[in-house]
Number of protein chains: 2
Amino acid sequence: MAKRSTTRRTGIADVAKHAGVSHATVSRVMNGNFTVDPVIAQRVRDSAAELKYYPNSVGRSLALGKTDTIGVVVPDLGNPTFQAMLRGVSRAAAKDGYRVLIADSSEVLSEEAILAAEARRRCDGVVLCAPRMSDAELQDLASSLHPLVLINRTIEIENTPSLSADYGQGIQELASYLVGLGHRRLAFLSGPEQSASNRLRVDGLAKFMAEHPEVELQTLAGGVSFAEGHESVDRILASGATAVLAFNDLVAMGLLSGLHEHGVAVPGEISVTGFDDIPFARYTTPPLTTAAVPITELGEAAWERMRSVLQEDEQVSLGTIFSPQVVVRGSTGPVPRS
Amino acid sequence: MAKRSTTRRTGIADVAKHAGVSHATVSRVMNGNFTVDPVIAQRVRDSAAELKYYPNSVGRSLALGKTDTIGVVVPDLGNPTFQAMLRGVSRAAAKDGYRVLIADSSEVLSEEAILAAEARRRCDGVVLCAPRMSDAELQDLASSLHPLVLINRTIEIENTPSLSADYGQGIQELASYLVGLGHRRLAFLSGPEQSASNRLRVDGLAKFMAEHPEVELQTLAGGVSFAEGHESVDRILASGATAVLAFNDLVAMGLLSGLHEHGVAVPGEISVTGFDDIPFARYTTPPLTTAAVPITELGEAAWERMRSVLQEDEQVSLGTIFSPQVVVRGSTGPVPRS
DNA sequence: GCTTTGCGAGAAAACGTTTTCTGAAAGCGT
DNA sequence: ACGCTTTCAGAAAACGTTTTCTCGCAAAGC
């Protein structure tokens with residue numbers, strides 16, 4: 001049983017004794033139950049205040065069968081996108097009296113299922129952001145994780161809402177914008193193969209290419225981080241593309257930095273677009289043209305869904321798709337003459 | 001008592017019945033207690049696997065008197081500095097099997113004490129980052145929050161480690177560097193009055209000025225955010241300073257952006273320094289000269305201290321101060337001739 | 001005056017574990 | 001064969017709440 005430390009914290013029993021009532025009555029008073037005589041209620045409140053009593057939340061959770069906590073699993077707490085999402089979830093949940101337990105898989109794919117399961121054991125539900133987990137594994141996990149809300153996935157699973165941005169549409173709009181500027185040789189600096197949102201981009205581009213036979217597209221392996229964008233500068237230059245669609249803003253910024261070091265003018269010689277519109281995208285040089293994903297709102301919406309599931313609402317909207325918005329800034333321009 | 005949902009989760013009792021042993025034995029097996037006959041142990045494990053049993057962590061917490069969770073209170077989850085700190089704490093704690101519950105006060109000072117107290121009730125300890133809370137309030141709170149670790153505060157409280165960066169030293173080094181470049185008219189774009197780390201900067205600058213009578217320093221009210229830096233550009237230009245020490249990188253970046261809009265060359269006409277070295281500081285135009293605060297390591301160290309306190313180590317180091325490192329980049333240069 | 005109604009508070013069960021204590025069986029030496 | 005220790009598993013208490021059930025008591029109705 002519990003490690004008996006030298007002094008136990010003051011519990012409901014102490015208050016009960018001090019006020020000369022039973023545990024039950026103290027509990028009722030603390031929970032604002034009105035079936036208790038106002039005189040006694042006040043005596044209990046006074047005792048509680050005097051003894052500095054606060055209900056033990058573990059005991060409460062056990063009796064109530066809920067923790068008022070949800071888990072949020074993200075691949076990388078250092079990534080601005082996930083940070084913004086986490087903030088959205090956390091603030092929205094806080095408004096309803098729920099707290100957030102974080103689990104950072106540090107991009108280790110094999111940890112995600114374990115972390116999610118462990119989070120679920122401690123919390124009333126899990127918001128899972130696992131861009132690279134396979135649909136099959138997600139299906140398997142879903143029932144054991146329920147209540148579960150998926151972020152940045154479009155997958156239909158019973159009882160589990162999934163929220164996502166329409167990366168396919170966004171990248172098409174970016175490509176369309178570039179082609180409108182006269183570009184005919186595009187390069188796509190892709191994200192991880194397994195990434196669901198990368199697949200959406202690839203599919204979107206395929207569709208776009210089908211409609212624009214005059215345009216040429218090369219797909220180069222990129223990555224997700226600034227460093228990976230920076231590294232790919234040579235391959236981009238070798239490709240001969242006049243415009244680059246980077247997987248996300250971080251990669252675009254890395255590329256921008258690399259191009260700058262090579263003395264390549266942006267957008268004079270080459271145009272660059274990002275994706276996400278992270279807070280710093282507007283402050284790069286030149287400011288980054290990108291497709292804005294309302295990721296904080298996506299996080300807030302994730303909480304709304306979670307709340308619906310927790311309250312066992314009749315009607316919970318499952319699939320929700322946010323539309324990215326193209327934001328034109330300085331990193332894109334007309335195709336160079338030469 | 002607990003809301004009896006239609007189907008109860010499988011508990012220790014189910015496993016016990018299935019394996020034909022008592023609760024106690026199941027518990028022993030699940031906790032790797034070796035005083036159990038290997039044959040029986042295996043039978044229990046098989047039953048557990050078959051029934052997909054996982055110990056309920058709330059029940060466990062109640063019996064054990066600990067939650068394996070710590071709370072982290074930050075003023076703003078949208079601020080890169082606190083994000084980095086949170087990541088440091090979270091990853092370090094995860095290595096020791098602890099999880100982090102986050103509480104974001106959204107810069108509402110009056111919420112911080114409440115959030116911290118509530119976090120403490122749910123967790124084994126609290127890491128508190130409250131730059132603007134008064135020393136007196138901190139003192140009051142400390143005993144009720146213990147185990148408590150303070151971040152970015154230098155205050156001596158019994159039993160509560162506090163970690164901080166030496167903002168005073170850092171800003172002196174920055175000022176010294178600027179004076180070395182020939183600057184004699186400096187401006188300090190200050191943070192919030194109540195901010196402890198701002199006070200350290202102010203004191204550091206005062207000391208510096210005492211040693212450098214030839215230098216002139218103006219202190220202007222600034223803020224903590226990009227927007228506030230951006231807004232102060234007019235006042236900076238009016239001040240006639242040739243170099244600006246911004247409260248932090250965000251403010252510096254806002255200022256940089258504002259100066260750019262006004263067509264003022266940096267560092268040609270004016271030099272700018274930041275503070276913190278957030279990830280994007282190296283990618284501004286020009287890249288920001290700043291004092292790097294190892295904030296992620298500070299977060300990791302915070303967990304180390306917390307662990308020591310939780311383990312009731314004999315010797316816990318209380319005050320720890322990290323030294324910022326001046327990082328010279330492109331936003332600073334020689335004083336203009338005119 | 002007796003029964004009914006209703007209100008308010010206490011006793012006790014329940015939530016799901018861990019751990020102490022106890023006792024049974026087995027092993028071993030004489 | 002007896003008594004001693006040792007091993008191992010079960011009974012039960014403990015952790016700190018909430019909630020159902022029950023019951024006493026007073027007021028009201030006849």
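In this predicted model, chain A and chain B touch through 43 residues from chain A and 43 residues from chain B. Three residues stand out on the first of these chains: Arg99(A), Arg121(A) and Phe280(A) supply 18% of the area that chain A buries against chain B, more than any other three residues. The size of an interface is often given as the accessible area lost when the parts come together. Here chain A and chain B bury about 3,800 Å² between them, and 60% of that area is on carbon and sulfur atoms.

Polar groups also meet across the interface. The rule finds 19 residue pairs in polar contact between chain A and chain B, counting pairs with both residues at pLDDT 80 or more. Which elements of chain A supply at least two residues each to the side that touches chain B? They are helix 4 (57-64), helix 5 (80-95), strand 2 (99-104), helix 6 (109-122) and helix 12 (249-261). Helix 4 of chain A gives the most, with 7 residues. Sorted by class, this side of chain A holds 21 nonpolar, 11 polar and 11 charged residues.

The count of salt bridges between chain A and chain B is 6, while a search of the whole structure finds 22 over all chains. Among the salt bridges is the pair Arg91(B) and Asp104(A), whose side chains meet at 2.7 Å, N to O. Arg91(B) lies in helix 5 (residues 80-95) of chain B and Asp104(A) lies in strand 2 of chain A, so this pair joins two chains. Another salt bridge links Asp104(B) with Arg91(A). The two pairs are listed below.

| Arg | Asp | N to O distance |
|---|---|---|
| Arg91(A) | Asp104(B) | 2.7 Å |
| Arg91(B) | Asp104(A) | 2.7 Å |

Strand 2 of chain A, where Asp104(A) lies, also pairs with a strand of the other chain. How do strand 2 of chain A and strand 2 of chain B run, parallel or antiparallel? They run antiparallel, and 3 bridges join them. Within this pairing, Val100(A) stands opposite Ile102(B) in strand 2 of chain B.

The next topic is the layout of chain A. The domain assignment gives domain 1 (12-64), domain 2 (69-165 + 295-323) and domain 3 (167-293). Domain 2 of chain A is thus written as two segments, 69-165 and 295-323. The C-alpha centres of domain 1 and domain 3 of chain A lie 61 Å apart.

Some details of the backbone remain. In chain A, a cis peptide bond joins Thr285(A) and Pro286(A), with omega about -10°. Pro286(A) is found in the loop between strand 9 (271-273) and strand 10 (290-292) of chain A. In chain B, the peptide bond from Thr285(B) to Pro286(B) is cis, with omega near -10°. The loop that holds Pro286(B) is the one between strand 9 (271-273) and strand 10 (290-292) of chain B.

Where in chain A is Lys52(A) found? The residue is in the loop between helix 3 (38-51) and helix 4 of chain A. Lys52(A) has a positive phi of about 55°, although it is not a glycine.

Technical notes:
Residues numbered from 1 in each chain as written. Chains lettered and ligands numbered in written order. Predicted model: local features only at pLDDT ≥ 70, side-chain atom pairs only at ≥ 80, totals over all residues. Heavy atoms only, no water. Domains from an automatic or database assignment. Contact = heavy atoms within 4.5 Å. Buried area = accessible area lost by both parts, 1.4 Å probe. Salt bridge = Lys/Arg side-chain N within 4 Å of Asp/Glu carboxyl O. Polar contact = N/O pair within 3.5 Å; in protein donor to acceptor, adjacent residues only side chain to side chain. Helix = DSSP H or I, 4+ residues; strand = E, 2+ residues; numbered from the N terminus. Nonpolar A, V, L, I, M, F, W, Y, C, P; charged D, E, K, R; others polar. Pairing = 2+ DSSP bridges.
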